[in-house]
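Student: Please take one part of this model and go through it closely, in one connected answer. I would like to know which residues are involved and how they are placed.

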Amino acid sequence: MVNRHVIGAHYGLRDWLLQRVTAVVMLVYTIGLVAFLVLAAQTSYEGWKALFDCTWVRVLSTVTVIALLLHAWVGVRDIWMDYVQPLGLRLTLHIATILWLLGSFIYAIKVVWGV
């Protein structure tokens with residue numbers, strides 16, 4: 001039996017599965033929005049406002065934003081882990097990425113929920 005020490009990006013099924021599941025969530029949401037555009041007789045500001053005033057649309061939008069941010073985190077984190085060798089620089093990039101994603105999440109909540 002060979003002992004394998006994996007250092008670097010998180011190898012494994014969890015990250016692979018997270019990327020696929022979040023991609024499916026974003027795809028379903030996008031298909032729903034495209035269907036609304038195609039099926040809506042008139043897409044005016046009032047139509048969009050009425051759609052996004054529905055709580056279920058806001059919840060689905062929030063879930064999609066979370067999926068997008070998780071998808072981005074796994075991808076960018078793997079890039080930093082694979083291609084940035086100096087540990088200090090890699091840690092700085094991880095922290096900057098987390099702060100950027102957190103800021104994006106807070107702003108998305110403000111936009112979607114009107115907080």
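Tutor: A helix here is a DSSP run of H or I with at least four residues, and helices are numbered from the N terminus. The model is predicted. On that basis the secondary structure comes to four helices and zero strands, and the pattern along the sequence is α-α-α-α.

The part to look at is helix H2, together with its contact with H3. Helix H2 covers residues 45-53, and helix H3 covers residues 55-83. In general, two packed helices are described by the angle and the distance between their axes. For H2 and H3, the axes come within 5 Å and cross at roughly 80 degrees. That angle makes H2 roughly perpendicular to H3, because angles of 65 to 115 degrees are counted that way. On the H2 side the contact is made by Leu-51, Phe-52 and Asp-53, and on the H3 side by Thr-55, Val-57, Arg-58 and Ser-61. By residue class, the contact divides into three nonpolar, two polar and two charged residues.

Charged residues deserve a separate look here. Side chains of opposite charge can pair when their charged atoms come close. Within H2, Asp-53 forms a salt bridge with Lys-49, at 3.7 Å from N to O. Both residues lie in helix H2, four residues apart, which is about one turn of the helix. Asp-53 also meets Arg-58 in a salt bridge, at 3.4 Å from N to O. Asp-53 and Arg-58 are both among the residues that make the contact of H2 with H3. As for accessibility, Asp-53 counts as partly exposed because its relative accessibility is 41%, between the 20% and 50% limits. Lys-49 is likewise partly exposed, at 41% relative accessibility.

A salt bridge in another setting helps to place these. Asp-15 and Arg-77 form a salt bridge whose closest N and O atoms are 2.7 Å apart. This pair links distant parts of the chain: Asp-15 is in helix H1 and Arg-77 in helix H3, 62 residues apart. Asp-15 is buried, with a relative accessible area of 7%. Arg-77 is buried too, with a relative accessible area of 6%. The two residues belong to a network of salt bridges that links Arg-14, Asp-15, Arg-77 and Asp-78. The total for the model is five salt bridges.

Helix H3 therefore has to be read with H1 as well: the buried residues of H1 pack against H3, and these are Asp-15, Gln-19, Thr-22 and Met-26. Helix H1 itself has 27 residues (13-39), and at 1.5 Å a residue it should span 39 Å; its end C-alpha atoms are 38 Å apart, which agrees. Val-24 also sits in helix H1, but it is partly exposed, with a relative accessible area of 49%. The C-alpha atoms of Val-24 and Thr-64 are separated by 9.8 Å, with their positions 40 residues apart along the chain.

Two totals give the background. Buried residues make up 22% of the 115 residues in the protein. Of the contacts with a separation of 6 or more, 65% are between residues 24 or more positions apart.

Key. Residues are numbered from 1 along each chain as its sequence is written. This is a predicted model: local features need pLDDT of at least 70, side-chain atom pairs count only at pLDDT 80 or more; totals for chains, interfaces and linings use all residues. Side-chain values use heavy atoms; hydrogens and water are left out. Axes are lines fitted to C-alpha atoms, for helices over the stretch in contact, and angles run from 0 to 180 degrees between N-to-C directions. Helices (H or I, at least four residues) and strands (E, at least two) are DSSP runs, numbered from the N terminus. Angles under 35 degrees count as roughly parallel, over 145 as roughly antiparallel, 65 to 115 as roughly perpendicular and the rest as oblique. Contact means heavy atoms within 4.5 Å. Ala, Val, Leu, Ile, Met, Phe, Trp, Tyr, Cys and Pro count as nonpolar, Asp, Glu, Lys and Arg as charged, and the others, Gly among them, as polar. The expected span of a helix is 1.5 Å times one less than its number of residues. Buried means under 20% relative accessible area, exposed over 50%, partly exposed in between (1.4 Å probe, protein chains only). A salt bridge is a side-chain nitrogen of Lys or Arg within 4 Å of a carboxyl oxygen of Asp or Glu.
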